[in-house]
Amino acid sequence: MKTYISIDKQAHVEVNIRRETKTKLSAGYRKKGCFLLLGALLSAVLSLSAQATAKECAGIISIEGRLLQGALLSGRFVDASAGDISFLNNKVPVSVDGVFMLGLGRDAPKTVQLRAASSSGVTCQQTFAVEQRDYNIQRVEGVPKKTVNPGPEYYQRIRAEAAAARKARAVRFDLPYYLQNFQWPVTGPISGVYGSQRYYNGTPRRPHYGVDIARPTGTPVLAPAAGVVTLAHDDMFFSGGTLILDHGQGLSSSFLHLSKLIVEVGQTIEQGQIIAEVGASGRVTGPHLDWRMNWLDQRVDPQLLVPPMP
């Protein structure tokens with residue numbers, strides 16, 4: 001279910017227009033001074049095109065989507081021009097025709113603030129209420145001990161691989177593929193969901209930021225949308241065979257625990273193209289695909305972008 005949100009609702013626009021006029025009038029020129037003051041005020045009113053009022057702000061942007069932790073929303077500038085957006089401490093990428101995305105991470109606060117400025121300089125500010133989610137607790141037993149509590153000999157490798165993944169996700173291609181209707185990369189039983197608190201062999205670890213689909217090793221993995229490959233690593237410590245695919249606008253997909261990589265860094269991929277094969281590499285107990293998505297520094301829920309599992 002999607003809820004249409006426009007700037008008319010939940011908007012808190014602060015407008016502060018101040019004009020200081022200092023006029024020294026002698027007794028003989030009071031009438032003339034009044035006319036000058038009225039003219040100055042009229043001039044100020046006519047120059048408000050560069051200031052934000054509630055009515056003007058209602059026409060700057062429109063946003064569509066469900067305001068829920070883990071959700072991805074779409075937006076546009078009403079005048080179809082590239083303005084500026086600030087959201088969750090991020091400068092939001094905006095296309096030349098004014099289209100942008102907004103992502104809400106797993107732990108997005110109850111309220112978030114957006115600031116917008118049109119290409120003509122009109123600015124506004126909007127506060128959104130974010131639906132909070134209750135997350136599952138998932139206990140996973142039989143995980144290789146070294147991946148639950150890795151020893152110091154693995155620290156350098158883990159840090160280097162984490163840095164490589166961050167670098168790949170930081171790539172910003174000007175691509176339109178984020179606008180496609182996303183599809184499941186594989187179909188099958190869902191064995192893990194976004195946001196769940198994970199316990200490995202009884203030890204609490206970070207939440208799970210993807211959706212797990214259980215499939216046999218060798219099952220083809222398809223690109224859920226078109227994109228460019230920014231990372232292709234066949235054996236990361238935690239995630240095993242790993243691919244990252246950039247869809248544009250700071251939106252990327254990650255595919256973990258792969259047994260075989262079929263594409264290379266820099267390669268442009270079409271939607272539905274085979275990119276890898278399911279595996280059981282890294283911190284796992286059996287073969288499955290872990291599909292994750294990021295919008296800038298926000299980890300979003302892939303399940304909210306696809307239809308129900310067939």
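The largest nonpolar core in this predicted model has 51 residues, and the members that touch the most others are I85, F87, L102 and W295. W295 gives a good feel for what goes on there. Setting aside residues within four places in sequence, W295 is in contact with L72, F87, N90, V92, M101, L102, G103, Q249, G250, L251 and V300. Two of the other well-connected core members, F87 and L102, turn up in that contact list. A separate core lies apart from this one; it has five residues, including A168, L231, M236 and I244. As a general point, nonpolar side chains in soluble globular proteins tend to be buried together.

Confidence is worth a look before going further. The protein chain has a mean pLDDT of 83, with 81% of its residues at 70 or more. The weak spot is residues 1-57, where pLDDT is below 50, although the model still gives this stretch 59 contacts beyond near neighbours in sequence. Predicted coordinates should not be read in detail where pLDDT is low.

On to the strands. An open sheet is built from four of them, in the order β5-β4-β7-β8, with antiparallel pairing. At its edges sit β5 (90-91) and β8, each of which pairs on one side only. Strand β7 (residues 111-117) runs antiparallel to β8, and seven bridges join the two. One of the residues involved is T111, whose bridge partner in β8 is A129.

Two loops around β4 hold residues with unusual backbone signs for a non-glycine. A80, in the loop between β3 and β4 (84-87), has a positive phi near 60° despite not being a glycine. With a relative accessibility of 44%, A80 counts as partly exposed. L88 sits in the loop between β4 and β5, and its phi is also positive, at about 50°, again in a residue that is not a glycine.

Charged pairs come next. Side chains of opposite charge can pair when their charged atoms come close. The structure holds seven salt bridges. One of them joins E131 to R66, with the closest N and O atoms 3.1 Å apart. This pair links distant parts of the chain, 65 residues apart: E131 is in the loop between β8 (123-129) and β9 (137-140), while R66 is in the loop between β2 (61-64) and β3 (72-77). Both ends are partly exposed, E131 at 37% relative accessibility and R66 at 34%.

R133 forms a salt bridge with D301, and here too the closest N and O atoms are 3.1 Å apart. Because R133 lies in the loop between β8 and β9 and D301 in the segment after β21 (298-300), the pair ties together parts that are 168 residues apart in sequence. The two ends differ in their surroundings: R133 is partly exposed, with a relative accessible area of 24%, whereas D301 is buried, at 4%.

Helix α4 supplies a more local case. R157 and E161 form a salt bridge in which the closest N and O atoms are 2.8 Å apart. The two residues are four apart in helix α4 (residues 155-169), so they are separated by about one helical turn. R157 counts as partly exposed at 29% relative accessibility, but E161 is buried, with a relative accessible area of 10%. D235 joins in as well: R157, E161 and D235 are linked in a network of salt bridges. Also in helix α4 is R166, which counts as exposed at 55% relative accessibility. R166 and D297 are 131 residues apart in sequence, yet their C-alpha atoms are 9.4 Å apart in space.

R283 is the odd one out in this discussion of charge. It is placed in the loop between β19 (274-278) and β20 (289-295). R283 is buried yet has no salt bridge, and the nearest side chain of opposite charge, D290, is 8.6 Å away. With a salt bridge requiring a side-chain nitrogen within 4 Å of a carboxyl oxygen, D290 at 8.6 Å does not qualify. What, then, does R283 touch? Leaving out residues up to four places away in sequence, R283 touches V143, T147, V148, Y200, R205, F237, F238 and H257.

How values were computed: Residues are numbered from 1 along each chain as its sequence is written. This is a predicted model: local features need pLDDT of at least 70, side-chain atom pairs count only at pLDDT 80 or more; totals for chains, interfaces and linings use all residues. Side-chain values use heavy atoms; hydrogens and water are left out. Buried means under 20% relative accessible area, exposed over 50%, partly exposed in between (1.4 Å probe, protein chains only). Lys and Arg count as positive and Asp and Glu as negative; His and the chain ends are not counted. Contact means heavy atoms within 4.5 Å. A nonpolar core is a set of buried Ala, Val, Leu, Ile, Met, Phe, Trp, Tyr and Cys residues joined through side-chain atoms within 4.5 Å. pLDDT is the predictor's confidence in each residue, from 0 to 100. Two strands pair if DSSP finds at least two bridges between them.
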